[in-house]
Structure formats: structure tokens, C-alpha cells
Amino acid sequence: MQMNNHEWMTPKAVAIPKESDNWQMGMYGPVWPKTPACYGFTIIAKVKPGRAEIVRNYGNIISSALKDSPHVLAPLKLHYLRWVLFDNDTRFMYQGIFDTDFDKYTEDAIALFTATGINTIFENLEDFPEDWKSNKEGFIKFVRDHQCPSFMEYGEYPYASADEIKKALKLKAAFSDMLDQMQ
């Protein structure tokens with residue numbers, strides 16, 4: 001979405017209809033509309049018995065991967081991820097906000113995990129296909145089957161992409177450095 005007249009300066013919220021009959025169809029089903037928070041999804045699934053600590057420790061794997069290569073997740077165009085274990089560590093919630101639609105995000109995630117050798121946390125969830133790297137349709141079916149669509153999304157700086165936000169922060173830093181040098 002192209003922003004006009006500083007549209008990003010006015011916070012926005014949208015209610016998302018429950019029915020997806022009128023939504024654009026992508027390769028893998030209806031494409032959730034871009035909202036002021038950009039694109040995203042929430043997945044809730046059961047953790048395989050005995051895997052809660054593996055799920056919890058997976059955060060360290062991603063953290064280490066980012067220390068080694070800060071841009072390892074860049075192809076996903078993420079704004080943020082949030083992972084939650086709940087119901088006595090028997091269920092897992094994955095929330096992600098990103099700049100691409102569902103189809104692109106899913107394909108990019110499979111390609112990223114396949115290329116880097118980092119496995120997905122979803123391997124520790126019930127019903128996730130063990131052959132997910134070669135079974136894109138199974139991966140997508142899992143995500144679609146376990147998605148809990150939001151019905152309202154809010155953006156403090158609506159429709160701004162992660163790249164636009166980074167660019168603005170770089171500009172702010174450069175401007176701050178320039179002012180410091182003038183003193």
C-alpha cells in the first residue's frame with residue numbers, strides 16, 4: 001500500500017470480517033487483507049508430549065542464529081514474532097507480523113529454514129508434517145488449520161513496512177550525529 005499525505009502519522013484500526021468469501025484468493029487459499037499492522041497471523045497448536053522444554057529452548061536457537069548472522073530472518077520481512085507456551089506448557093501460540101502476504105511469507109519461511117539448516121519450532125507441535133521441507137502443501141495446511149484469525153488490528157504507524165521504519169531510524173541517527181557534530 002502506498003502511503004499518501006503522511007498517512008502513517010494517524011493511527012488506524014480495522015475490523016476484519018469473519019467471512020473470507022470476498023477476499024482475494026492466493027495460491028493457498030484466501031489472503032488475509034493487509035491491515036494497519038501490515039500482514040500477520042496467529043497460530044495456536046498443541047505441543048507434542050514431552051517437548052515443552054525443547055519449544056522453550058528454541059528461543060535460544062533463534063537468538064544464537066541472530067547473533068551469528070543478524071539478518072538471517074530478513075527474508076521474512078518481520079516486524080515482530082511472539083511465542084507463548086500456555087495451558088501448563090501444553091499449547092503454543094505463534095504470533096507474527098510481517099510485510100508480505102501469507103503465501104509469500106510461508107514460501108519464504110520454508111526456503112529460509114531449508115537453506116539455513118535451522119528447523120522450525122513447529123516440528124514440536126502435534127499434527128505438523130515431518131516431511132515439511134519437501135511437503136510445502138502439508139506445511140501450509142498445518143498453518144491454515146491452526147490459524148486463529150484476528151478480528152481487529154491496530155497500527156500506531158499504519159501500513160509502514162519494516163524497511164520504511166528502519167530507513168526512518170537510520171535517518172534519525174544520521175540527523176542526530178550531524179547535530180552532535182555541529183555542537
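Student: What makes β4, β6 and β5 a sheet, and in which order do they lie?

Tutor: Two strands pair if DSSP finds at least two bridges between them. In this predicted model, eight bridges join β4 to β6, and eight join β5 (residues 78-86) to β6. Both values meet the cut-off of at least two, therefore both count as pairs. The three strands form an open sheet in the order β4-β6-β5, with antiparallel pairing.

Student: Why are β4 and β5 called edge strands?

Tutor: β4 (39-46) and β5 each pair on one side only. The strands themselves are DSSP runs (E, at least two residues), as helices are (H or I, at least four), numbered from the N terminus.

Student: Which residues stand opposite each other?

Tutor: Leucine 78 has phenylalanine 98 in β6 as its bridge partner, and lysine 46 stands opposite arginine 91 in β6.

Student: Why is phenylalanine 175 called partly exposed?

Tutor: Buried means under 20% relative accessible area, exposed over 50%, and partly exposed in between (1.4 Å probe, protein chains only). Phenylalanine 175 has 48% relative accessibility, so it counts as partly exposed. Its place is in helix α4 (residues 162-182).

Student: How do you know which elements have the lowest and highest mean pLDDT?

Tutor: pLDDT is the predictor's confidence in each residue, from 0 to 100. Strand β3 (residues 29-30) has the lowest mean, 84, and β6 (residues 91-98) the highest, 96. The chain averages 90, and 97% of the residues score at least 70.

Tutor: Local features need pLDDT of at least 70, side-chain atom pairs count only at 80 or more, and totals for chains, interfaces and linings use all residues. Residues are numbered from 1 along each chain as its sequence is written, and side-chain values use heavy atoms, with hydrogens and water left out.
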